[in-house]
Amino acid sequence: MISGNNITLISKDGVIGGEHAINIDSNGDVNLQASGDIWVHELNGDLALAGAHSSAGNVIISTANGAILDAIIEDVGASDEQLSELDD
């Protein structure tokens, strides 16, 4: 398990996760980048996703008991009213 405030995982020539998901316990933004597949599972609460990119693989992100949030919008602190204006 990987735990921390802001978590960045980079695999320049491979995968993140492999045959099983990498378990994380994040308390801040999560950034993921790999050339192959990415498979990450948040163990506790919400996962604030700042970015996930795979140049040639699949991306699977899950949580045990929370939501996957857009960390960029969360960091800006946009209100519900401001977010609804973006949808218009």
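Start with strand 5 and strand 7 (residues 59-63): they pair in the parallel sense over five bridges. Strands here are DSSP runs of E, at least two residues, and helices are runs of H or I, at least four residues, both numbered from the N terminus. Two strands pair if DSSP finds at least two bridges between them. One bridge to click on joins Ile 38 to its partner Val 59 in strand 7.

Before going on, note that this is a predicted model, where local features need pLDDT of at least 70 and side-chain atom pairs count only at pLDDT 80 or more, while totals for chains, interfaces and linings use all residues. Residues are numbered from 1 along each chain as its sequence is written, and side-chain values use heavy atoms, with hydrogens and water left out.

**Whole chain**

Zoom out. The chain holds eight strands and two helices. Read from the N terminus, the order is β-β-β-β-β-β-β-β-α-α. Of its 88 residues, 28% are buried, meaning under 20% relative accessible area with a 1.4 Å probe, protein chains only; over 50% is exposed, and in between is partly exposed. The accessible surface is about 5,500 Å², and carbon and sulfur atoms hold 46% of that. These areas come from the Shrake-Rupley method with a 1.4 Å probe; for residues, only the protein chains shown count as cover. Take the contacts (heavy atoms within 4.5 Å) with a separation of 6 or more: residues 24 or more positions apart account for 7% of them.

**The odd-numbered sheet**

Select strands 1, 3, 5 and 7. They form an open sheet in the order 1-3-5-7, with parallel pairing. Strand 1 (2-4) and strand 7 stand at the edges with a single partner strand each, so one side of each has no neighbour in the sheet. Neighbouring strands are turned by 20° against each other on average, direction ignored. The axes behind that angle are lines fitted to C-alpha atoms, for helices over the stretch in contact, and angles run from 0 to 180 degrees between N-to-C directions.

Step across the sheet. Strand 1 joins strand 3 through three bridges, in parallel. Ser 3 has Asp 25 of strand 3 as its bridge partner. Strand 3 (residues 22-26) then pairs with strand 5 over three bridges, also parallel. There, Asn 23 is matched with His 41. Now colour strand 5 (residues 38-42) by burial: four of its five residues are buried.

**Ser 26**

Stay in strand 3 and pick Ser 26. Is Ser 26 buried or exposed? Ser 26 is buried, because its relative accessible area is 5%. Show side chains: a polar contact of 2.6 Å links Ser 26 and Glu 42. A polar contact is a pair of N or O atoms within 3.5 Å; within protein, one must be able to donate a hydrogen and the other to accept it, and residues adjacent in sequence count only if both atoms are side-chain atoms. Beyond four places in sequence, the contacts of Ser 26 include Gly 4, Ile 7 and Leu 47.

**The even-numbered sheet**

Select strands 2, 4, 6 and 8. This open sheet has the order 2-4-6-8, with parallel pairing. Strand 2 and strand 8 (68-70) are its edges, each pairing on one side only. The twist averages 30° from one strand to the next.

Strands 2 and 4 run parallel, joined by five bridges. Leu 9 is bridged to Leu 32 in strand 4. Six bridges link strand 4 to strand 6, again parallel. Asp 29 stands opposite Ala 48 in strand 6.

Turn strand 2 (7-11) side on. Ile 7, Leu 9 and Ser 11 point to one face and are buried; Thr 8 and Ile 10 point to the other and are not.

**The core**

Which residues make up the largest nonpolar core? Select Ile 7, Leu 9, Ile 16, Ile 24, Val 30, Leu 32, Ala 34, Ile 38, Val 40, Leu 47, Leu 49 and Ile 61, 12 residues in all. Strand 4 (29-34) is among the elements giving two or more residues. Strand 4 gives the most, three. A nonpolar core is a set of buried Ala, Val, Leu, Ile, Met, Phe, Trp, Tyr and Cys residues joined through side-chain atoms within 4.5 Å.

**Ser 54**

Finish in strand 6 (residues 47-54) at Ser 54. Ser 54 is buried, at 13% relative accessible area. A polar atom of its side chain lies 2.6 Å from the backbone oxygen of Gly 36. The backbone nitrogen of Gly 57 lies 2.8 Å from a polar atom of the Ser 54 side chain.
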